[in-house]
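Biologist: I'd like to learn how to read the ligand sites in a model like this. Can we go through them together?

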Amino acid sequence: MKKIAILGSTGSIGTQTLEIVRENKDLEVLGIAARSNIRLLEQQIREFSPKLAAVWSEEKAKELRTMIADTDTKVVSGMDGLLQVSAMEDTEILVTAIVGMIGIRPTIEAIRAGKDIALANKETLVTAGHLIMPLAKEHQVKILPVDSEHSAIFQCLQGNEGNRIHKILLTASGGPFRGKKQEDLLEVQVEDALRHPNWSMGPKITIDSSTMINKGLEVIEAKWLFDVDVDQVQVVVQPRSIIHSMVEYEDGAVMAQLGTPDMKLPIQYALYYPERRHLGGDRLDFWKLRSITFEEPDMDTFYGLKLAYIAGRRGGSLPTVFNAANELAVQQFLRKEIKYLEIMEIIEDCIRAHKVIEDPSLDEILKTEQETYERINSRR
Ligand code: NAD
Ligand code: MG
């Protein structure tokens, strides 16, 4: 039995992880955590009988306790609850499918407790990669990428251990606004931005994909996962999401990983690494596919991607500012409090105003996050 816990079990990655558990009898879920969807948590508790379930608000946790009083699952709440699920005694792997840099502390807690991390929660690596990666090394735990591009890169590295990566080719769909210019984006509504051409994902990452800020976060994520400079990561737009990313080696050989767009493959690969298990679903048919096309990203229109390179290159606390500003701006856009293009304006403003802290501690990262939020809130 492989025992796992899932942070963000009610989300897009979380529910797909549970679908994999359903298909594989040798996976057991000991802990789950979510923010507020206690109806779905109740169903998950009844189906998977975890020992522990964490809900963010104590009020909702109370409600859930009543709902599942007839089961053996213990309900915990708040950051303390998340930390408990992260470091449960018998789990081997923690799937971090929570959204945002709120995942930093739970990820650190799990690594300290010796858990391998199946990492979907990219915001944690973007902001605290300099703390997470050395800590994982120290505790000899694996950071197994779930993000499809990073899983692809990871798969392209297998069998090539010891060889230097010359370049990472990070593929991007370009999102729903590919080909548009700034003036076409002035009136973008939440509903337009939530329409992703290839992937069905949670709301935050779907907005991030439309602005290409998701790709910016992924450039920084790749820097930490694969120990490269951000300038070794080249973004390649490939609208149909068939090639999930590529690695170019010193001799010019390029390895790619291809497949239909299905997050279950990278999730399952992380859970069973290095084993490959059967996975149902559509397969690529190259006779029908016929062609795969490539483009350069438009970093003038989608300048959030350019800002990510600036933040990633400079490092220190600047990626935290980039990420925190984006997190709050996206929330405000989703609540229809700001316009679409303001997301990028807000990030640029916060980056310009910030005085970089070199090698920030966890406290300094969280303080920078708060200061970034305060700056944004004081605009209004
Ligand atoms: P989602 O919005 O669908 O789900 C987020 C989950 O996190 C939910 O279960 C929610 O309850 C939980 N959560 C949020 N705040 C919480 C809190 N304070 N306490 C406890 N739980 C909390 O998001 P998603 O699309 O599944 O994305 C999750 C992460 O995976 C993100 O970092 C995203 O960038 C990354 N990712 C997602 C995909 C995808 O296909 N969805 C692909 C690659 C990477
Ligand atoms: Mg991705």
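Biologist: What spacing do the donors of the magnesium ion (ligand 2) follow along the chain?

Modeller: They follow D-x1-E-x68-E. Donors are N, O and S atoms within 2.8 Å of the metal (3.2 Å for Na, K and Ca), and water is not among the atoms, so sites may look incomplete. Here Asp147 (OD), Glu149 (OE) and Glu218 (OE) coordinate the ion at 2.0 to 2.2 Å. Aspartate 147 sits in the loop between strand E7 (143-145) and helix H7 (148-157), and glutamate 218 in helix H10 (residues 213-226), so the pair ties together parts 71 residues apart in sequence. Helices (H or I, at least four residues) and strands (E, at least two) are DSSP runs, numbered from the N terminus.

Before we go on: this is a predicted model, where local features need pLDDT of at least 70 and side-chain atom pairs pLDDT 80 or more, while totals for chains, interfaces and linings use all residues. Residues count from 1 along each chain as written, chains are lettered from A and ligands numbered from 1 in written order, and side-chain values use heavy atoms, without hydrogens and water.

Biologist: Are aspartate 147 and glutamate 218 buried or exposed?

Modeller: Both are buried, meaning under 20% relative accessible area (exposed is over 50%, partly exposed in between; 1.4 Å probe, protein chains only).

Biologist: Which backbone atoms lie by an oxygen atom of ligand 1?

Modeller: Look for N or O pairs within 3.5 Å. Polar backbone atoms of arginine 35 at 2.8 Å, glycine 11 at 3.0 Å and glycine 8 at 3.3 Å fit that.

Methods. A polar contact is a pair of N or O atoms within 3.5 Å; within protein, one must be able to donate a hydrogen and the other to accept it, and residues adjacent in sequence count only if both atoms are side-chain atoms.
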